[in-house]
Amino acid sequence: MLLQPLAALAGVLGAASAFEYYTFDGPGSPSCHNVVEVHNASSVDDMAALVKDASSRGLQVRAGGRGHMWYDTQCSDDKTVIIRTEFVNGISGFDLAAGTVLVEGGVTFFQLAEYLHQRNANMGTGLVNWNITLGGSIAMGAHRTSLREDAVVVGGVLAVDIIDGNGDIRHVERDEADDDWLAASTSLGLLGIIARIKMRIFPETKVYAMQTTLQEKDVLDGDIYKLISPYLTANFWWWPYQRKFHWRTYDIVPANTSAQLGFQSTFSVTALEAAAAIVLLNSGKFSPLPNIASEGIFFGLWEKPNFHDKITDEEIEDWPVYGWNYDVLIGGLYPGQRPEWEYGLKGYTLELAFPVTRANEVLKRIRALFDAQEAKGTPVASTYRSGINIKFGKAHFDFLGQVTTGTADEQDWSKGAIMFDFPSFRPSVGDQKRYNEAFYINLANALVDEFPCRPHWTKNTRDVFKRAVKNLDPDYLARFKAVRQRFDPKGIYRSVVGEIIGMYD
């Protein structure tokens with residue numbers, strides 16, 4: 001997330017006037033509308049003191065990490081203090097023999113990955129994007145894409161310390177018989193700020209990445225579970241106008257398999273690439289043709305590995321790619337390049353999780369909606385550089401997670417979930433709507449209404465959350481609410497999402 005210097009300065013000065021707090025997309029993309037202070041916390045004790053102070057003044061509090069928030073659902077619409085955790089990032093207690101490490105909530109995956117690699121260790125498969133804090137990832141139920149291994153970040157967590165609504169620190173141990181743990185596992189930040197995390201760690205490994213192009217029918221009519229479940233992690237990238245998928249798989253290999261040191265980046269772009277993309281994609285607001293052309297270009301680029309050599313920064317041209325665990329599974333930014341959103345390439349997104357047992361049915365329904373749109377003369381194409389991301393998550397039991405099990409919908413979530421993650425370009429001209437904006441709304445409504453599904457907690461609009469509440473388990477919501485009331489009796493950590501799912505009725 002950008003540092004938002006004006007917002008931070010207002011917080012330091014204690015300004016009373018409210019302002020918008022931005023998502024990683026910057027001005028014009030608010031995650032909160034009524035922020036009165038932003039504090040760059042420097043320690044766990046500092047965060048606790050800030051919570052006590054805000055509570056004493058009758059203000060709401062929300063944690064702010066490095067940014068994985070697309071819409072205005074981070075806070076409530078009441079006056080809110082943002083406590084940024086990014087600088088509370090200590091790592092200690094490394095013990096590879098015991099398989100544990102202690103990190104503070106503001107540590108990013110990149111920071112921990114570097115720290116562990118230097119000590120011949122890694123954090124397994126509980127990974128998400130390089131720029132997201134561990135505390136934020138656990139709070140929102142973030143996931144890797146795997147049906148074989150733990151896919152949610154909290155799958156690698158042994159205990160958490162949470163700063164509750166009174167500013168006190170509560171310690172919660174991993175225990176699936178304990179409602180405190182089942183709520184803390186995906187807390188949405190409603191219990192408090194995740195201050196410390198005890199995590200599992202593993203000996204460092206080499207992995208490979210392999211990608212194959214599949215015809216659309218091979219996925220829609222294929223055995224999707226069989227295509228994904230054998231691997232350490234695997235996913236699809238869907239190109240709807242091309243009617244093709246890229247099928248990406250990863251797994252561990254012996255360390256002497258290859259001397260190659262691959263480093264992945266999904267988000268790195270050069271200034272020249274960004275300028276060209278903005279012109280082409282903005283023209284797609286007025287006609288489908290530039291969007292079709294964009295998908296063709298992106299598809300061709302994504303055929304090649306999105307990897308560089310970590311030492312030389314040279315592009316890697318051929319599959320498979322080999323390298324260290326985190327470098328290959330996630331990576332980061334290439335030297336001298338910046339993430340796309342820092343060039344003004346902003347996005348909309350929709351992400352919903354469905355039982356993997358219904359994966360073919362879901363994808364065929366989406367294809368039918370694409371076909372109906374094409375029949376109207378307004379075909380849909382991917383306007384995101386890696387296509388539509390089809391991810392997967394192994395089942396993990398908690399109250400609000402996307403991959404939880406035993407729910408009242410009586411669906412079989414035990415084999416895991418398929419996540420339909422549909423990012424799209426947000427035009428920077430006119431009203432900033434897509435040329436077929438109504439289609440995207442209809443798509444979301446149809447999927448939420450026709451299938452058992454769960455929303456990603458930071459990648460959906462308020463309207464999607466409101467519509468999706470009916471798909472959430474009422475008993476799990478009630479049990480989570482009971483924990484929330486104990487951790488935060490005054491409700492200072494409330495958010496729009498918390499309000500929508502009935503945590504403050």
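## A walk through the predicted model

Let's start with a cysteine: C453 counts as buried, because its relative accessibility is 0%, and the cut-off for buried is under 20%. Keep in mind throughout that this is a predicted model.

From there, turn to the cysteines that do pair up. The structure holds one disulfide, and the partners are C32 and C75, with a sulfur-to-sulfur distance of 1.9 Å. C32 sits in strand β2 (residues 30-40), while C75 belongs to the loop between β3 (60-64) and β4 (80-84), so the bond ties together parts that are 43 residues apart in sequence. If you look along the S-S bond, the angle about it is 65 degrees, and the link of C32 and C75 is right-handed. How accessible are the two ends? C32 comes out at 1% relative accessibility, so it counts as buried. C75 also has a relative accessible area of 1% and is buried.

Now for the annotated stretch. UniProt, in an unreviewed entry, places the feature "domain: FAD-binding PCMH-type" at residues 31-204. Over residues 31-204 the chain is 20% helix and 31% strand. The C-alpha atoms at the two ends of that stretch are 37 Å apart.

Next, the empty space inside. Rolling a probe the size of a water molecule over the atoms shows where such space is left. Here the structure holds five cavities of 30 Å³ or more, and the largest of them has a volume of about 500 Å³. It is lined by 31 residues, and the closest to its centre are R62, A63, Q74, G136 and A139. Which elements give two or more residues to that lining? They are β3, α4 (134-139) and β10 (193-200). Of these, α4 provides the largest share, with four residues. In terms of chemistry, the lining of the largest cavity divides into 17 polar, 12 nonpolar and two charged residues.

The second largest cavity has a volume of about 110 Å³. Its lining is made by 15 residues, and G284, N291, T383, R434 and Y435 are the closest to the centre. Sorted by class, the lining of this second largest cavity has eight nonpolar, five polar and two charged residues.

R434 turns up again when we move on to the pockets. The second largest pocket holds about 560 Å³ of space, and among its 28 lining residues the ones nearest the centre are Y71, Y348, R434, E437 and T461. At least two lining residues come from each of β20 (347-348), α12 (437-450) and α13 (462-468). Which element gives the most? That is α12, with six residues. The lining of the second largest pocket breaks down into 11 nonpolar, nine polar and eight charged residues.

Just ahead of α12 in the chain there's a backbone detail to check. Q432 is found in the loop between β24 (424-425) and α12, and its phi is near 65 degrees, a positive value in a residue other than glycine. Is Q432 buried or partly exposed? With a relative accessible area of 26%, Q432 is partly exposed.

R243 has a positive phi too, near 55 degrees, and it is likewise a residue other than glycine. You'll find R243 in the loop between β13 (233-239) and β14 (244-253). Its relative accessible area is 34%, so R243 is partly exposed.

One more backbone feature deserves a look: the peptide bond from W319 to P320 is cis, with omega near -5 degrees. P320 lies in the loop between β17 (307-309) and β18 (321-324).

Let's finish with R148, in the loop between α4 and β8 (157-163). R148 has a relative accessible area of 29%, so it is partly exposed. What does R148 touch, leaving aside its neighbours within four places in sequence? Its contacts are S229, P230, Y231, L232, D251 and K394. As a marker of distance, the C-alpha atoms of R148 and A259 are separated by 27 Å, with the two residues 111 residues apart along the chain.

Conventions:
Residues are numbered from 1 along each chain as its sequence is written. This is a predicted model: local features need pLDDT of at least 70, side-chain atom pairs count only at pLDDT 80 or more; totals for chains, interfaces and linings use all residues. Side-chain values use heavy atoms; hydrogens and water are left out. UniProt positions are given in the numbering used here, feature names are shortened, and annotations may be inferred rather than shown by experiment. A disulfide is a pair of cysteine sulfur atoms within 2.5 Å. Buried means under 20% relative accessible area, exposed over 50%, partly exposed in between (1.4 Å probe, protein chains only). On a 1 Å grid over the protein atoms alone, a cavity is a set of points where a 1.4 Å probe fits but cannot get out, and a pocket is an open set with protein on both sides within 12 Å along at least five of seven lines; lining residues have an atom within 4 Å of a point. Grid points are joined across faces, edges and corners, and a volume is the space filled by probe spheres set on the points. Ala, Val, Leu, Ile, Met, Phe, Trp, Tyr, Cys and Pro count as nonpolar, Asp, Glu, Lys and Arg as charged, and the others, Gly among them, as polar. Contact means heavy atoms within 4.5 Å.
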